[in-house]
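Work through the following exercises with the sequence and the coordinates open beside you. Each task is followed by a solution that proceeds step by step.

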Amino acid sequence: MRLRSSATTALAAVIAIAAARPLSGQSVADRYRADANRIIDAALKDSTAWNRLGEMTEKFGNRLSGTPALEQTIDWVIAKMKEDGLQNVRGERVMVPVWVRGTESAQLVSPRVQNMPMLGLGGSIATPPGGITADVFVVSTFTELTQKAAQARGKIVLFDAPFTNYGETVQYRARGAVAAAQVGAVAALVRSVTPFSMRTPHTGGMSYDSTVQRIPTAAITVEDAQMLHRLQDRGERIRVKLTMSARMLPDAPSRNVMGEIVGSEKPDEVVVFGGHIDSWDVGRGAMDDGGGVVVAWEAVKLLHRLGLKPRRTIRVVGWTNEENGGRGGQGYRDAHKADVDKHMLAIESDGGVFKPQGFSFAGSDAAMEIVKQIATLLDRIQAGAIVRGGAGADVGPIVALGVPGLGLNVDGTKYFWYHHTEADTIEKLDAHEMALCVATMAVMAYVVADMPEPLPRATAATR
Ligand SMILES: [Zn+2]
């Protein structure tokens, strides 16, 4: 984003407010207050979101790209959306990478023998069939690894990085294997990226660098990472045996799954919202991100049930392959190249469906002013806070082309406790909080789809 003068920003805001008050001085919030209250009241009487997420995640389990479970889930969503009376229900084909975990284990062999719960990182290569047994060298940061590079050669490097925030700490998961290989390590372990642990390992994506030797990489638990660190500090020699059989298979077909309420006056103009239908191959992908798909889907169903037919089309999408490729978001952009300019707004829920707080917004100042006015309709459920920020990985490719983007913000206290683990199951989610997410998504999508004027788009200078 380039800097703009504050005068331009102020002018844009004035224009935005004027644009949002075209009818007899009423603000967009005033005009939609009655509809918004109807939507919220109806959403809060309803616990079908929680029930549907339970049905989906317990019928099919987790949904990694390339698995029959993902494609069966997509078939099921298509059938159910048709039953719900949504229009233009379909899957749009996308080719996705296929990573297979295989069998894997990590065992402490010195100073004593103990199995350590672990999860290979998505995209990792295998160890040789007999595993890798080597001394472990523990560091807390990339800087420490660089400073002590000589001690890492020939060893398994363990990054014991304490959780600060996801964006910062996830760097060790994403780039640890490359950094360790650059100093001659034979494998890389990372402390699971979480602020809280019950000795549960967390998987997630990682990447290699084509110029650096590929080494196998896995996450161990916070407890075991800290223990190995303390053993090292006490001068113990630590040896670990890491065995992994992960492999990449050729790309396979998957689909972005979607359904619509077709607009009554401007059917070619679209508000798109949803989450990603794929998940990691652990747990049941309830909060990451089955919940995101289901709250948008239930929001559309609710509008349909209330007979609220917006001027523009509202499209709910379950994007595929967010977790280990992002091909769904890219494929959506490519399939809709000709009508990206007709996308008024893209909303994603991919931070769990806990108590909603509002949205983070990506786009022009003028559009943000209007979104803030609409969000006041959500103040009665404390979900009206609009802050600047990213909208989401799956809508990112069209937001980059100028489509205004919103990411649902929720109470994030517990999300990373369960994120990418066997514990990502529906019991941690609350039916009432999910209903609040449905209300929040439905009000925002409906008002933007129905208000007479389009949301101002970002120009090249504002994105
Ligand atoms: Zn996600």
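**Exercise 1. Find which residues I374 touches, leaving out those up to four places away in sequence, and place I374 in its core.**

Taking contact as heavy atoms within 4.5 Å, the search around I374 returns V28, M444, V447, V448 and M451. The model is a predicted one, in which local features need pLDDT of at least 70 and side-chain atom pairs count only at pLDDT 80 or more, while totals for chains, interfaces and linings use all residues. Residues are numbered from 1 along each chain as its sequence is written, and side-chain values use heavy atoms, with hydrogens and water left out.

The next step is to widen the view to the nonpolar core, that is, a set of buried Ala, Val, Leu, Ile, Met, Phe, Trp, Tyr and Cys residues joined through side-chain atoms within 4.5 Å, where buried means under 20% relative accessible area, exposed over 50% and partly exposed in between, with a 1.4 Å probe and protein chains only. The largest such core has 82 residues, and I374 is among the members that touch the most others, together with I39, F273, I347, F359, M441 and M444. Helix 14 (residues 431–450) supplies the largest share of this core, 14 residues; helices (H or I, at least four residues) and strands (E, at least two) are DSSP runs numbered from the N terminus. Another core, of 24 residues, lies apart from it and includes L121, A188, V190 and M206.

**Exercise 2. Determine which atoms coordinate the zinc ion and why their arrangement is irregular.**

Donors are N, O and S atoms within 2.8 Å of the metal (3.2 Å for Na, K and Ca), and since water is not among the atoms, sites may look incomplete. With this criterion the zinc ion is coordinated by NE2 of H276, OD of D288 and, twice, OD of D350, at 1.9 to 2.7 Å. The 4 donor atoms subtend angles of 53 to 150°, which makes the arrangement irregular: four donors count as tetrahedral if all angles lie between 85 and 135 degrees, four count as square planar and six as octahedral if opposite donors are over 155 degrees apart and all others between 65 and 115, and anything else is irregular.

In sequence, the donor residues follow the spacing H-x11-D-x61-D. Because D288 lies in helix 9 (residues 286–305) and D350 in the loop between strand 13 (343–348) and strand 14 (356–362), the pair ties together parts that are 62 residues apart in sequence. D288 counts as buried because its relative accessibility is 3%, whereas D350, at 23%, counts as partly exposed.

**Exercise 3. Establish the strand order of the open sheet of 8 strands, and describe the two faces of strand 9.**

Two strands pair if DSSP finds at least two bridges between them, and the resulting order is 3-2-9-5-6-7-8-4, with mixed pairing. The edges are strand 3 (114–116) and strand 4 (118–120), each of which pairs on one side only.

Strand 9 (residues 239–244) runs antiparallel to strand 2, to which 6 bridges join it, and Q107 has K241 as its bridge partner. Strand 5 and strand 9 are also antiparallel, over 4 bridges, and here D135 is partnered by R239. Strand 7 (residues 187–191) and strand 8 (residues 217–220), by contrast, pair in the parallel sense over 4 bridges, with L189 opposite A218.

Finally, V240, L242 and M244 of strand 9 point to one face and are buried, while R239, K241 and T243 point to the other and are not.
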